[in-house]
Amino acid sequence: MRVRMTIVLAVVGLSGLLTTGCSYRENICGDGEYPVIAVGGQGGSACIPDDEEPTAPYTRYPEGKVPKHVDDEWDVYWRTHGIDANGAIVETS
């Protein structure tokens with residue numbers, strides 16, 4: 001009986017791993033950091049510690065438009081958009 005229970009639990013565990021293992025999403029920044037975007041058409045981004053303000057040439061992403069995971073809606077969006085010196089969103093390609 002004990003062997004059967006072990007096999008059943010192993011199968012259930014593996015099936016759970018296989019169904020949730022594909023849902024991994026890579027974070028843009030590590031724990032304790034937030035993403036910033038470079039000002040100007042050259043684009044680019046970086047991650048800085050939560051307790052620091054961005055310094056030139058970086059600025060914060062506009063509220064509500066911050067990428068959180070690689071290839072999420074905002075990560076893809078910012079590949080073709082940037083922030084100009086006045087803080088306006090501009091198309092870059």
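## His81 and its surroundings

The side chains of His81 and Thr80 are joined by a polar contact of 3.0 Å, a detail taken from a model that is predicted. His81 belongs to strand E4, which covers residues 81-83, and because its relative accessibility is 16%, which falls under the 20% cut-off, the residue counts as buried.

Which residues does His81 contact, once its neighbours within four places in sequence are set aside? The residues in contact with His81 are then Ile37, Ile89, Val90, Glu91 and Thr92. One of these, Ile37, also appears in the core described further on.

## The chain as a whole

The protein chain holds 2 helices and 5 strands, and when these elements are read along the sequence they follow the pattern α-β-β-β-α-β-β. Of the 93 residues in the protein chain, 19% count as buried, while the area that the chain exposes comes to about 6,900 Å², with 57% of it supplied by carbon and sulfur atoms.

If one takes the contacts between residues at least 6 apart in sequence, 30% of them join residues that are at least 24 apart.

## Strand E1 and its two partners

Strand E1, made of residues 33-38, is mostly covered, since 5 of its 6 residues are buried. In the antiparallel sense, E1 pairs with strand E2 (residues 45-49) over 5 bridges, and within this pairing Glu33 stands opposite Pro49 in E2. The two strands E1 and E2 form a hairpin with 6 residues between them, and in the turn Gly40 has a positive phi of about 105°.

What is the sense of the pairing between E1 and strand E3? This pairing is antiparallel as well, and E1 and E3 (residues 58-60) are linked over 3 bridges. At one of the bridges to E3, Ala38 has Tyr58 as its partner.

## The nonpolar core

Which residues make up the largest nonpolar core? This core has 5 residues, namely Ile37, Tyr61, Trp74, Trp78 and Ile83. As a general background, nonpolar side chains in soluble globular proteins tend to be buried together.

Tyr61, a member of this core, touches Pro35, Val36, Ile37, Ser45, Val66, Pro67 and Trp78 when residues up to four places away in sequence are not counted. Among the residues that Tyr61 touches are Ile37 and Trp78, and both of these belong to the core too.

Methods:
Residues are numbered from 1 along each chain as its sequence is written. This is a predicted model: local features need pLDDT of at least 70, side-chain atom pairs count only at pLDDT 80 or more; totals for chains, interfaces and linings use all residues. Side-chain values use heavy atoms; hydrogens and water are left out. A nonpolar core is a set of buried Ala, Val, Leu, Ile, Met, Phe, Trp, Tyr and Cys residues joined through side-chain atoms within 4.5 Å. Buried means under 20% relative accessible area, exposed over 50%, partly exposed in between (1.4 Å probe, protein chains only). Contact means heavy atoms within 4.5 Å. Helices (H or I, at least four residues) and strands (E, at least two) are DSSP runs, numbered from the N terminus. Accessible areas come from the Shrake-Rupley method with a 1.4 Å probe; for residues, only the protein chains shown count as cover. A polar contact is a pair of N or O atoms within 3.5 Å; within protein, one must be able to donate a hydrogen and the other to accept it, and residues adjacent in sequence count only if both atoms are side-chain atoms. Two strands pair if DSSP finds at least two bridges between them.
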